[in-house]
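Here are some short exercises to work through with the structure open beside you. Try each task before reading its solution.

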Amino acid sequence: MARITLEHIRHAYSEKAKAAGDYALKEVHHEWEDGGAYALLGPSGCGKTTLLNIISGLLTPSDGRILFDGKDVTQLSTEERNIAQVFQFPVVYDTMTVFDNLAFPLRNRKVPEAEVEKRVNEILEMTDLAGMAKRRAQRLTADQKQKISLGRGLVRANVNAILFDEPLTVIDPHMKWVLRSQLKRLHRQSRFTMVYVTHDQTEALTFADKVVVMHDGQIVQIGTPAELFERPSHTFVGYFIGSPGMNIMSVAIDGATARIGDQSIALSAAPVLKGQGRIELGIRPEFIKLGREGMPITINKVEDIGRQKIVRASFCGQPISIVVPEDDDIPADAKVTFEKQAIGIFADSWRAMNETGRQEG
Ligand SMILES: Nc1ncnc2c1ncn2[C@@H]1O[C@H](COP(=O)(O)OP(=O)(O)OP(=O)(O)O)[C@@H](O)[C@H]1O
């Protein structure tokens with residue numbers, strides 16, 4: 001297990017890169033705790049795999065250093081970094097039995113056979129493969145094979161970190177849920193440092209203690225699931241986390257008041273805004289109250305999603321979504337109020353500070 005330090009890391013696939021836009025990974029400067037469970041979350045192309053490959057040693061960054069427990073490993077191979085990896089598609093030896101596939105990383109490192117037996121049996125239980133330990137891997141289904149890959153990643157007791165690259169893509173939905181919970185439990189027991197790449201917010205939020213949200217080659221926030229939901233640092237986090245995502249509206253700010261069209265919305269404090277950037281107000285659909293009091297909206301559509309309804313509406317010409325409990329009435333001339341504490345003000349996409357220096361919100 002190791003603390004992972006990413007020291008001013010940048011990466012461009014072209015040697016001619018100069019401008020920030022030429023970098024697949026813009027500057028990353030962070031320290032990840034020993035024993036933490038981190039998820040790298042973001043849409044396709046945002047740089048997750050590039051960052052993971054830099055951590056694993058498959059890729060040497062164009063700039064910066066990577067340290068494990070303070071030791072510079074930037075030039076070390078994957079093997080020398082002593083990490084385990086689980087990829088998107090299964091990597092198994094078809095002619096070996098399930099047991100031997102799981103035992104391979106241990107036998108390869110000359111672990112005594114009694115210890116191999118003990119660890120492999122634990123992993124067989126955990127991955128639900130105990131009933132097929134003696135079968136050859138060849139005839140197994142894709143998701144059984146991927147469970148072997150997961151098991152192989154978890155079987156060694158002394159790795160610095162385990163890296164997972166979208167490991168549940170080929171697993172069926174029910175088993176996905178089971179394996180995710182098992183991985184979380186295993187993390188609590190073993191305290192391995194784990195880094196898990198995914199573009200699926202449910203996967204990230206259920207697996208990780210800390211979610212690293214990436215957008216356009218940058219880390220825009222590292223936080224617990226609650227922090228990402230309640231206090232997104234960037235409009236992208238507000239929009240990407242949550243379903244539906246945060247409502248983001250263009251506003252003008254006048255002291256502790258936001259103005260949208262001819263409406264005035266009271267803020268909990270006046271945000272401090274430097275310069276004349278693009279100013280937006282963010283509020284999650286769960287914190288807009290719909291009723292007969294407040295500011296007028298035009299309802300365009302109501303989606304019934306079981307225990308809740310999602311109201312799609314226009315507010316001062318801007319689209320908004322509102323989450324309403326299933327049994328609430330939706331008046332024809334509905335009005336809205338915004339919960340003051342749940343409002344965030346963003347300047348050029350980043351959360352602005354309020355007068356006391358705290359992040360606005
Ligand atoms: N070998 C490569 N050569 C050139 N450009 C690359 C290479 N690998 C990735 N890129 C580019 O770098 C950027 C980041 O890609 P990366 O694969 O890290 O993103 P990702 O978030 O992991 O996406 P996905 O979820 O689709 O794998 C993308 O614009 C991609 O096109």
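**Exercise 1. Find where Glu166 sits and decide whether Glu166 is buried, partly exposed or exposed.**

Solution. Keep in mind throughout that this is a predicted model. Start with the location: Glu166 belongs to the loop that links β7 (161–165) to α6 (173–190). Next, count neighbours: 19 other C-beta atoms lie within 10 Å of the Glu166 C-beta. A residue needs 20 or more to be called buried, and 12 or fewer to be called exposed. Glu166 is therefore partly exposed, with its count of 19. Finally, look at the backbone: phi of Glu166 is near 45°, a positive value although the residue is not a glycine.

**Exercise 2. Repeat the analysis for Cys316: which loop holds Cys316, and what is its phi?**

Solution. Cys316 is in the loop between β20 (308–315) and β21 (318–325). Its phi is near 50°, again positive in a residue other than glycine. For the surroundings, 16 other C-beta atoms fall within 10 Å, so Cys316 is partly exposed.

**Exercise 3. Classify Asn160 as buried or exposed, then list what Asn160 touches.**

Solution. First place the residue: Asn160 is in the loop between α5 (142–154) and β7. Then count: Asn160 has 20 other C-beta atoms within 10 Å, so this residue is buried. Now look for contacts, leaving aside residues up to four places away in sequence: Asn160 touches Met1, Ala2, Phe68, Arg81, Asn82, Ile83 and Thr193. As a last step, compare sequence with space: Asn160 and Phe192 are 32 residues apart along the chain, and their C-alpha atoms are 7.3 Å apart.

**Exercise 4. Work out how β23 is arranged: which way do its residues point, and which strands join it?**

Solution. Begin with a general point: in a regular strand, side chains alternate between the two faces of the sheet. In β23 (residues 344–347), Gly344 and Phe346 point one way, whereas Ile345 and Ala347 point the other way. All four of these residues are buried.

Now take the neighbouring strands one at a time.

- β16 (residues 279–283) runs antiparallel to β23, and four bridges join them. Leu281 has Ile345 as its bridge partner in β23.
- β24 (residues 350–351) is also antiparallel to β23, joined by two bridges. Here Ala347 stands opposite Trp350.

To finish, inspect the turn: β23 and β24 make a hairpin with two residues between them, and Asp348 in that turn has a positive phi of about 50°.

**Exercise 5. Locate the cis peptide bond that ends at Pro244.**

Solution. Go to the bond from Ser243 to Pro244, where omega is near -5°, making it cis. Then place the proline: Pro244 is in the loop between α9 (235–240) and β11 (247–250).

**Exercise 6. Step back and describe the chain as a whole: how many helices and strands does the protein have?**

Solution. The protein has nine helices and 25 strands. Its C-alpha atoms fill a box of roughly 75 × 50 × 35 Å along the principal axes. Of its 361 residues, 39% count as buried. Among contacts with a separation of 6 or more, 65% come from residues 24 or more positions apart.

For one segment there is an annotation: an unreviewed UniProt entry places the feature "domain: ABC transporter" at residues 4–241. Over residues 4–241, the chain is 37% helix and 23% strand, and the end C-alpha atoms are 25 Å apart.

Notes: Residues are numbered from 1 along each chain as its sequence is written. This is a predicted model: local features need pLDDT of at least 70, side-chain atom pairs count only at pLDDT 80 or more; totals for chains, interfaces and linings use all residues. UniProt positions are given in the numbering used here, feature names are shortened, and annotations may be inferred rather than shown by experiment. Two residues are in contact if their C-beta atoms, placed from the backbone, lie within 7 Å. Two strands pair if DSSP finds at least two bridges between them.
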